[in-house]
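Hi everyone, thanks for making time for this. I'd like to walk you through one structure, starting with charged pairs and ending with helix packing. Have a look at it on the screen first.

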Amino acid sequence: MARLALRDIDDAPEDSRPRVEAAQKSNGFLPNLIRVLANAPVALETYQTVSAINGRASLNLAEREAVQITAAATHGCGFCVAGHTAVAEKKARLDAPVIEALRGKTDVPDPKLDAVARFTEAVIATRGAVADEDLSAFKAAGYDDQAALEVVLGVSLATLCNFSNNLAQPALNPELSAYEWSPTGQ
């Protein structure tokens with residue numbers, strides 16, 4: 001059972017209701033992350049706004065999902081690992097070995113996505129104060145200053161979601177059960 005209330009359209013705070021309704025329409029179901037964030041209308045607004053902004057980044061969908069899965073695995077958020085695995089498979093069309101490497105925080109068979117994952121880990125571990133060699137390795141993989149800052153953007157988005165889920169401990173929606181992940185059973 002979740003430690004925070006899981007809101008729906010009927011019992012969400014008034015300011016959250018249109019956002020909850022939009023999320024349900026967009027996803028075809030109401031993700032428990034949205035139900036948690038709906039408790040704080042500004043948190044839900046931040047999540048949806050920053051998600052839209054992140055979607056306009058120069059990083060492509062596969063690269064953005066590499067950031068999200070890596071951050072979620074690093075933060076121990078099974079809900080977000082599952083949700084972003086679904087996106088990585090269905091929308092970014094990443095191969096299973098790439099997805100499993102991201103979920104397991106091991107070497108990714110795609111060198112560019114591996115560079116994104118390693119840089120994401122470095123950003124999180126150092127709170128952005130990455131070593132010169134980590135930034136250089138990221139740039140050597142073909143990325144630039146804009147991409148480095150967009151990884152930070154992705155980490156900020158992931159942190160909101162991962163920490164909210166870790167706080168609330170909602171169940172995984174049945175629609176995501178095929179992508180279940182846990183920090184101990186990676």
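**Salt bridges, turns and packing**

Let's begin with aspartate 11, which is partly exposed, at a relative accessible area of 37%. Before I go on, please keep in mind that this is a predicted model.

Which residue does aspartate 11 pair with in a salt bridge? The partner is arginine 7, and the closest N and O atoms of the two are 3.8 Å apart. Arginine 7 is also partly exposed, with 25% relative accessible area.

How many salt bridges turn up in a search of the whole structure? The search finds seven. Let me show you a few of them.

Glutamate 14 and arginine 17 bring their side chains together in a salt bridge, 2.9 Å from N to O. Glutamate 14 counts as exposed, at 56% relative accessibility, while arginine 17 is partly exposed at 27%.

Then there is the salt bridge between the side chains of glutamate 45 and arginine 19, at 3.9 Å from N to O. What does this pair tie together? Glutamate 45 sits in helix H3, residues 41–54, and arginine 19 in helix H1, residues 17–27, so the bridge links parts that are 26 residues apart in sequence. Both ends are partly exposed: glutamate 45 has a relative accessible area of 38%, and arginine 19 has 26%. Elsewhere, Asp114, Arg118 and Glu121 are joined into one network by salt bridges that share partners.

Now for some backbone geometry. If you follow helix H6, residues 96–104, into the loop that leads to helix H7, residues 111–126, you meet lysine 105. Lysine 105 is not a glycine, yet its phi is positive, about 55°. Lysine 105 is partly exposed, with 32% relative accessible area.

Where does arginine 127 lie? You'll find it in the loop between H7 and helix H8, residues 132–140. Arginine 127, too, has a positive phi of about 55° without being a glycine. As for its surroundings, arginine 127 is exposed, at a relative accessible area of 77%.

Threonine 126 belongs to helix H7 and is partly exposed, with 27% relative accessibility. What does the side chain of threonine 126 reach? It comes to 2.7 Å from the backbone oxygen of alanine 122. A general reminder fits here: an α-helix has 3.6 residues a turn, so residues three or four places apart point the same way. And to connect back to where we began, threonine 126 and aspartate 11 are 40 Å apart in space, C-alpha to C-alpha, and 115 residues apart in sequence.

Let's go back to H6 for a moment. Its buried residues are Val98, Ile99, Ala101, Leu102 and Arg103. What covers them? The cover includes helix H4 (61–75), helix H5 (78–90) and H7.

One residue of H5 deserves a closer look, and that is threonine 85. Is threonine 85 buried or exposed? Threonine 85 is buried, with a relative accessible area of 4%. Its side chain makes a polar contact, at 3.0 Å, with the side chain of arginine 103, which you'll remember from the buried residues of H6. Leaving aside residues up to four places away in sequence, threonine 85 touches Ile69, Ile99, Arg103 and Tyr179.

My last stop is a helix pair. Two packed helices are described by the angle between their axes and the distance between the axes. For H7 and helix H9, residues 145–168, that angle is about 65° and the axes are 10 Å apart. The crossing of H7 past H9 is right-handed.

Which residues make this contact? From H7 they are Phe119, Thr120, Val123 and Ile124, and from H9 they are Ala148, Val151, Val152 and Val155. Sorted by class, the contact of H7 with H9 has seven nonpolar residues, one polar residue and no charged ones.

That's my tour. Thanks for listening, and I'm happy to rotate the view to any of these places.

Key. Residues are numbered from 1 along each chain as its sequence is written. This is a predicted model: local features need pLDDT of at least 70, side-chain atom pairs count only at pLDDT 80 or more; totals for chains, interfaces and linings use all residues. Side-chain values use heavy atoms; hydrogens and water are left out. A salt bridge is a side-chain nitrogen of Lys or Arg within 4 Å of a carboxyl oxygen of Asp or Glu. Buried means under 20% relative accessible area, exposed over 50%, partly exposed in between (1.4 Å probe, protein chains only). Helices (H or I, at least four residues) and strands (E, at least two) are DSSP runs, numbered from the N terminus. A polar contact is a pair of N or O atoms within 3.5 Å; within protein, one must be able to donate a hydrogen and the other to accept it, and residues adjacent in sequence count only if both atoms are side-chain atoms. Contact means heavy atoms within 4.5 Å. Axes are lines fitted to C-alpha atoms, for helices over the stretch in contact, and angles run from 0 to 180 degrees between N-to-C directions. A crossing is left-handed if the near helix is turned anticlockwise from the far one by less than a right angle, and right-handed if clockwise. Ala, Val, Leu, Ile, Met, Phe, Trp, Tyr, Cys and Pro count as nonpolar, Asp, Glu, Lys and Arg as charged, and the others, Gly among them, as polar.
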